[in-house]
Amino acid sequence: MKVLRHKPFLRLILSYLVSQAGSKVHRVALLVLVYLLTENALWVSLVLGVQLLGTVVFSPLLSAWADTQDRRRLLIWSDLLRAPLVALIPLLGANSLPALLLLVFAIELLRNLHDPIQNAVVPDLVPKEEVDEANSLILLTDRLSEVLFVGAAGVLVATVGPPFAFYLNAATYLVAGLLLLGLPSLRPHRLPKAGYLDRVKEGLGHLVGHPTIRRAVGTLFVAACFGSVETALGVVLAIKWLGVGSAGFGFMEAAMALGAILGGLAMPYLLRRFPRERLFLYALLLFGVFEASIGLFPVFAWVLVAFFLAGFLNMAFIVPARSILQLNTPQEMRGRIFAAFSAVMNAAVLTGTMLGGALEGVLGAPLVFLLAGVMVSLAAGYALLTGGIPAPQEGPRTTQA
């Protein structure tokens, strides 16, 4: 990919790949640890809910401050500080669920500082015409780490238990932070004159006030309120309903990641065939179809196929969504808009996660997947039938580092 010729962006990608390698192993270990300790899907939902609550409440607050700082420095420290916190999970969290929740919450706060900044700096590191390719590569890196490590993580956790996974994740955060030392200064082009609380409101206001962003985020919010049941119920489906254990859950996650990798590679072709806004809605609609199919055919072989196709389609709606936000937001506001976007979307994911955990005991995971997928497709279908996503305004000028 030609976007990798920009050395600062290449450094960002390498750092992200290293940290995500550990994080994907960490995710499997965390969900399996909680479920094996409690044997209760509600506790899995609660741990995920604590993560999401940190994003919903604190991400917009952190970003209003972060948009006035050197984003390079914040990226580095948010990685380095996560390392000791992750290492404490097997030492403290495995023996105390309240301590585990506290550690998970602290790690999530640092992620809420890091991830919006990473998304915000992409147009500062590559030319405007390469933003879609850069976003696709970031997501491709995420999914590649899932294919390479999540399936192996399931086997690793099943064989030797979760602690090693957390220590591995801690080491990857240290390496990722050191790689980011080579980034250039990423200070805002101009400092905002508004006060702190006004800056918080400004980020949320842009999300709601811009017609293209409002329509895209609104549709995605409704879809995520239902589609995110997989976050909590994937591990329950694997262990309780399919009988494939943590190793099977790892392979389900890896199948989704493999689909996303192929989706990322297909993005240039898809974007030549379909306008960004139409591709977003088509992919979201089909994503719901395949999520519903998991409930209709709860057989491990088909679940792997459905997770693979869902991963492909996930890439096809997430990449356009990120580009829409970046190209319709001024440079000095991008941290806030991505934090606001993250807060809104994680509120939806929190809703779906808690809903899935609550309904699983009543309806069973397969039926919850079926109903959730139908609702996702209805959200996308409604947007298509009522005019789709408005054409974006001309984006702000960007600089190449």
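The exercises below, each with a worked solution, concern a predicted model of one protein chain.

**Exercise 1. Overall form**

Determine which secondary-structure elements the protein chain contains, and compare its radius of gyration with that of a compact globule.

Solution. Begin with the secondary structure: the protein chain has 15 helices and zero strands. Next take the extent of the chain, whose C-alpha atoms fill a box of roughly 55 × 50 × 40 Å along the principal axes. For 401 residues, a compact globule would have a radius of gyration near 21 Å, and because the protein chain has 20 Å, the value agrees with that expectation. Turning to burial, 59% of the 401 residues count as buried, while the surface that the protein chain exposes comes to about 15400 Å², with carbon and sulfur atoms supplying 70% of it. As a last step, consider the contacts between residues at least 6 apart in sequence: 88% of these join residues at least 24 apart.

**Exercise 2. Aromatic pairs**

State how many aromatic pairs a search of the whole structure finds, and work out the geometry of the pair formed by Phe287 and Phe317.

Solution. The search of the whole structure gives three aromatic pairs. For Phe287 and Phe317, the ring centres are 5.6 Å apart and the planes stand at 85°, so this pair is edge-to-face, the cut-off for that class being an angle over 60 degrees. The location of the two rings follows: Phe287 belongs to helix 12 (residues 276–296) and Phe317 to helix 13 (residues 300–327), and the pair therefore ties together parts that are 30 residues apart in sequence. Both Phe287 and Phe317 are buried.

A second edge-to-face pair is formed by Phe297 and Trp302, with 6.4 Å from centre to centre and 80° between the planes. As for its surroundings, Phe297 has a relative accessibility of 47% and so counts as partly exposed, and Trp302, at 29%, likewise counts as partly exposed.

One further ring can be examined for a charge above it: Arg273 lies over the face of Phe274, at 5.9 Å from the ring centre.

**Exercise 3. Salt bridges between separate parts of the chain**

Find which parts of the chain are tied together by the salt bridges of Glu130 with Arg5, of Arg276 with Asp132 and of Glu360 with Lys240, and say how buried or exposed the partners are where a value is available.

Solution. The total for the structure is seven salt bridges. In the one between Glu130 and Arg5, the closest N and O atoms are 2.8 Å apart. Glu130 sits in the loop between helix 5 (97–125) and helix 6 (131–160), whereas Arg5 is in the segment before helix 1 (7–38), so the pair ties together parts that are 125 residues apart in sequence. With a relative accessible area of 3%, Glu130 is buried.

The next step is the salt bridge in which the side chains of Arg276 and Asp132 meet, at 2.5 Å from N to O. Since Arg276 lies in helix 12 and Asp132 in helix 6, this pair ties together parts that are 144 residues apart in sequence. Arg276 and Asp132 are both buried.

The remaining pair joins Glu360 and Lys240, whose closest N and O atoms are 3.3 Å apart. It links distant parts of the chain, with Glu360 in helix 14 (residues 334–363) and Lys240 in helix 10 (residues 229–241), 120 residues apart. The two partners can then be placed by accessibility: Glu360 is buried, with a relative accessible area of 5%, whereas Lys240, at 48% relative accessibility, counts as partly exposed.

To finish, Glu108, Arg111 and Asp115 are linked in a network of salt bridges.

**Exercise 4. Two individual residues**

Describe where Leu109 lies, and identify which residues Arg322 touches, not counting residues up to four places away in sequence.

Solution. Leu109 lies in helix 5 and, at 24% relative accessibility, counts as partly exposed. Its C-alpha atom is 9.1 Å from that of Ser78, although Leu109 and Ser78 are 31 residues apart in sequence.

Arg322, by contrast, is placed in helix 13, and because its relative accessible area is 17%, below the 20% cut-off, Arg322 is buried. Leaving aside residues up to four places away in sequence, Arg322 touches Asn119, Asn135, Ile138, Leu139 and Phe338.

Notes: Residues are numbered from 1 along each chain as its sequence is written. Side-chain values use heavy atoms; hydrogens and water are left out. Rings of Phe, Tyr and Trp (its six-membered ring) pair if their centres lie within 6.5 Å; planes under 30 degrees apart count as stacked, over 60 as edge-to-face and the rest as tilted. Helices (H or I, at least four residues) and strands (E, at least two) are DSSP runs, numbered from the N terminus. Buried means under 20% relative accessible area, exposed over 50%, partly exposed in between (1.4 Å probe, protein chains only). A charge sits over a ring if NZ of Lys or CZ of Arg is within 6 Å of the ring centre and within 35 degrees of the ring normal. A salt bridge is a side-chain nitrogen of Lys or Arg within 4 Å of a carboxyl oxygen of Asp or Glu. The radius of gyration is taken over C-alpha atoms; the globule rule is 2.2 Å times the number of residues to the power 0.38. Contact means heavy atoms within 4.5 Å. Accessible areas come from the Shrake-Rupley method with a 1.4 Å probe; for residues, only the protein chains shown count as cover.
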